[in-house]
Amino acid sequence: MTALPAVLPAVSRRPAGVVAAAVVLAAMAVAAIAAPLLAPYEPDAIDLSASLAGTSGTHLLGTDASGQDLLSRLLYGARTSLVAPVVLLAVAAMIGVSLGLLAAWHGGWVDTVVSRLTDVMYAFPGLLFVVLIIAVFGGGMTTSVLALGLAFAPTVAKYTRSVARAEIVKSYVDAYRVQGMGGFRICCGYVAPNLARSVVGYLVVLFGEALMSLATLSYLGFGAQPPSSDWGLMVQQGQASIVLGALLPALVPGVAIAVVVVSFNVVGVWAADRLGTRR
Amino acid sequence: MKLIPALGVLALVSACAGAPSGARTTDPATLTLTDLTPKAAAPVERVNWLVESEPDTLDLDTQGGAPASTVVSNICERLLQVQPDMTIKPWLARSTANPDPKTLVLTLRDDVKFHDGSPMTADDVLFSLKRHADPANEQSDEFGRVASIDQTGPLEITVRFTQPDALFTQALAGDAGLVYNREQVEAAGKDFGTPGSGDACSGPFTLSSWKSGDSITIKRHDAYRGEKPLAGEVVFRWASDSALVNALATGAADGVFVDSLATATAFEGKQGVDRYFGPSTAALVLIPTERGGLKDPKIRTALSLALDRQGISDAGFGGLAQPWATPVGSGAWGYAKEAFAAAQKDLTDAPARPTDADLVRAKQLVHEATHKPSGPIVIGTDSKQGRTVMANAARDALRRIGLDAEIKTVPTPKYSEFYGEAAARKDIDLLVADWYISKSDPIGLYDNAISGSSNNWVGFADPQYDQAVQEALSTLDDSRRAALVIDVQRRYTQAAVWISVAQVPNTLLIDHELTGPPASMAYLYSPWAAALGKKAS
């Protein structure tokens, strides 16, 4: 019973919006993890006699055209919709942080080449780039995540380069050099860990955009494929029901995407401010 | 605190956001199929009509499809013509005769003029038929039994066959019977049928303009020999799904023959737009493929027994599709309608809703099957709502009889490739499909299952079936052929070569003030807009 009074002052120091957003994200994470326990039905179980049903005690959020329970699909879909952006950002971070550090550490022509390369990729519309990759290697969630990871990498690289350039002029880096430590060891062992807070804060800000991009690809038919209950795919599948007067199949996943994206943005901006990421 | 009203609005929307109760589905048993809409009483200056997409070409020898046919059927005429009740009658050919079973003589009308004023000659007809028969063109398969086509008189064409072909006269009422002005087609060359080229035809409307990406306009041909159209001009634009619904609901469009039954469902009980349902040859089917998961007829029959056809119709097609035991709609009954209707009722392996006894029998068939699937049965579809429901229902049926199944969904352009390319189907066992035939004769569907047919994907092989089909195709007498076709149908459905799901009515949505077109699928092959006009005031 001593834990709650200890936590309350910490919570009260944060803006209400941030607390609400964090609660929403925590709830979504719990829902995703506990989906098999919380979902009243299997996500792909059909009931043709309950097609496009509205909200009821049997189906709290209604059903889609095949009579699949929207709440169950939403809960299972949270797994794909929340995990995929994490993988995407991990790919983007691996490539982007490496390139950014490389450019900042070496400077000179290496910096010029890496910077121009990221400028070119930055200027190319990300979604178009991803669609081109999918056209070559085929659609699906894995391709979409990897392709979007590549598309996000220049953004991360540019950010990493800028913060790394400020970091490598600090005196501790010169001190390690004087001690005869190699550039690779200083860079990976000391500079990179010092950038971690800042880069992670930046990635949190990017999470909402990553989720939205993946949902867009699934909506366009390039990402997750049925019978997956990915939220973007659910919006696409629910769209046809709108002309029949059934809004829930598109509305439920659409609202879920909007709520999670806004929540991540609110928490991300707050975290970035705290971590000194935003400039 | 602004969150509370927002949540309140969301809750209200959520509470009301299911499909309106009782307004979403139609009982197929009460669905009345009509051949014609009421006759129009007054002219109309301009009508805005929708097709689902912009045609790639108006040259149906190059590429067919409903959007192009919807336009061309008003501009061009055929040697024979499909009537609203799906029977056929001579048209540009004044009469047809069979002096012997292997010879067809067409006597041509002498009063037909093309839109440029030149008369239709036997040479134009000969040119047109040979153009359709070109192996590079869409209609060439209709000429498979044709040995020769010759001009045998000033207004006479004689077609000789290697063996009798009961379907050929049917084909002449379709795209294989289109008659073009030879001079104009040759002058246009490869540009024929593209925006900017003329129409080279003789129908009640002329092609006025085709603004690529915007619209196609046809105008009344005042010099037409027959009854003049009531509509001055018809402007075609393209839209589908919600755009189509909005265009009709707001009056931006006056009518459409719809491709998606969901669109028709949206107008149930709505004022301002009338709905008509007519006979069609189209049917929803599940087509087993070369991959072999449904190679065994017992597995296919088991799936047919376990499928919830009524559920598919209600959930995927607003109750407008009718559970059906054969893979071709009643619009194909261009003759011997009563015999075909009676035969349909005798088929028991395609229940509307599976009973417990059906499921027991289905499981027994799976148990007895000699070629059981080695892995999950893969069902191929695109993400269209109706087809998604069919795929889900097929997977559910397979699971209920103890077979594993999964769904492979592809984008619609790739889905279209499933129909034409074996390589595209290599990863699926079962295609969720809709299929229609251009002829008012069920044998036009059943000949797809003979050995070696390009549409016999599953490799069904039965010499007795092949012989029965050949005999039916060679029988020119309608009543005798009907008996033979019913026998072929029995063999086909027993083997469940394709798994029939439902027949799909032809659906016309039209502004309440307008009337006249056929409600049946005949619109694809006859000048439906010629009868389009205003209702009596």
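In this predicted model, B:Asp441 and B:Arg481 form a salt bridge, with their closest N and O atoms 2.9 Å apart. The two partners come from distant parts of the chain: B:Asp441 sits in the loop between S17 and helix H14 (443-446) of chain B, while B:Arg481 belongs to helix H16 (residues 478-495) of chain B, 40 residues apart. Both ends of the pair are tucked away. B:Asp441 has 0% relative accessibility and counts as buried, and B:Arg481, with a relative accessible area of 3%, is buried too.

The loop that holds B:Asp441 begins at S17 of chain B, and that strand is worth a look of its own. Of the six residues of strand S17 (residues 430-435) of chain B, five are buried, so the strand is largely enclosed by the rest of the structure. Strand S13 (residues 283-288) of chain B runs antiparallel to S17(B), and six bridges join the two; here B:Ala283 has B:Trp435 as its bridge partner. Strand S15 (residues 377-381) of chain B also pairs with S17(B), this time in parallel and through two bridges. In that pairing, B:Gly380 is matched with B:Leu431.

Elsewhere in chain B there is an open sheet of seven strands, in the order S8-S9-S10-S1-S11-S19-S12, with mixed pairing. Its edges are strand S8 (205-211) and strand S12 (273-278) of chain B, each of which pairs on one side only. From one strand to the next, the twist averages 20°. At the S8 end, six bridges hold S8(B) to strand S9 (residues 215-220) of chain B in an antiparallel arrangement, with B:Leu207 opposite B:Ile218. Two helices lie across this sheet's strands. Helix H2 (residues 66-75) of chain B crosses strand S1 (44-51), S8, S9, strand S10 (231-238) and strand S11 (255-258), and runs at about 20° to S9(B). Helix H6 (residues 241-250) of chain B lies across S1, S11, S12 and strand S19 (506-511), at about 150° to S11(B).

A salt bridge also turns up within these strands: B:Arg46 meets B:Glu233, with the closest N and O atoms 2.8 Å apart. B:Arg46 is in strand S1 and B:Glu233 in strand S10 of chain B, so the pair ties together parts that are 187 residues apart in sequence. The partners are not equally covered, since B:Arg46 is partly exposed at 41% relative accessibility, whereas B:Glu233 is buried at 14%.

Another open sheet in chain B has four strands, ordered S4-S5-S7-S6, and its pairing is antiparallel. Strand S4 (93-100) and strand S6 (146-153) are at the edges with a single partner strand each, so one side of each has no neighbour in the sheet. Neighbouring strands are turned by 20° against each other on average, direction ignored. S6(B) is joined to strand S7 (residues 156-161) of chain B by six bridges, running antiparallel; one of these pairs B:Gly153 with B:Glu156. Helix H3 of chain B lies across strand S5 (103-108), S6 and S7, at about 170° to S6(B).

What about the nonpolar interior? The largest nonpolar core has 71 residues, and those with the most contacts inside it are B:Trp49, B:Leu79, B:Leu129, B:Ile157 and B:Phe236. Helix H3 (residues 122-133) of chain B, with five residues, gives the most to this core. Another core lies apart from it and holds 65 residues, including B:Ala264, B:Leu286, B:Leu294 and B:Leu365. In soluble globular proteins, nonpolar side chains tend to be buried together.

Turning to the two chains together, the contact takes 27 residues from chain A and 31 residues from chain B. About 2300 Å² is buried between them, and carbon and sulfur atoms give 59% of that area. On the chain A side, A:Leu48, A:Val243 and A:Leu244 supply 27% of the area that chain A buries against chain B, more than any other three residues. Two salt bridges cross the interface. In one salt bridge, the side chains of A:Asp44 and B:Arg395 meet at 3.7 Å, N to O, and A:Asp44, B:Arg395 and B:Arg399 are linked in a network.

Over all chains, the count comes to 37 salt bridges. Among them is the pair B:Arg400 and B:Asp396, whose closest N and O atoms are 3.6 Å apart. Both residues lie in helix H12 (residues 385-400) of chain B, four residues apart, about one turn of the helix. B:Arg400 is partly exposed at 35%, and B:Asp396 is partly exposed at 26%.

Notes:
Residues are numbered from 1 along each chain as its sequence is written. Chains are lettered from A and ligands numbered from 1 in the order in which they are written. This is a predicted model: local features need pLDDT of at least 70, side-chain atom pairs count only at pLDDT 80 or more; totals for chains, interfaces and linings use all residues. Side-chain values use heavy atoms; hydrogens and water are left out. A nonpolar core is a set of buried Ala, Val, Leu, Ile, Met, Phe, Trp, Tyr and Cys residues joined through side-chain atoms within 4.5 Å. Buried means under 20% relative accessible area, exposed over 50%, partly exposed in between (1.4 Å probe, protein chains only). Two strands pair if DSSP finds at least two bridges between them. Axes are lines fitted to C-alpha atoms, for helices over the stretch in contact, and angles run from 0 to 180 degrees between N-to-C directions. Contact means heavy atoms within 4.5 Å. Buried area is the accessible area (1.4 Å probe) that two parts lose on being put together, summed over both. A salt bridge is a side-chain nitrogen of Lys or Arg within 4 Å of a carboxyl oxygen of Asp or Glu.
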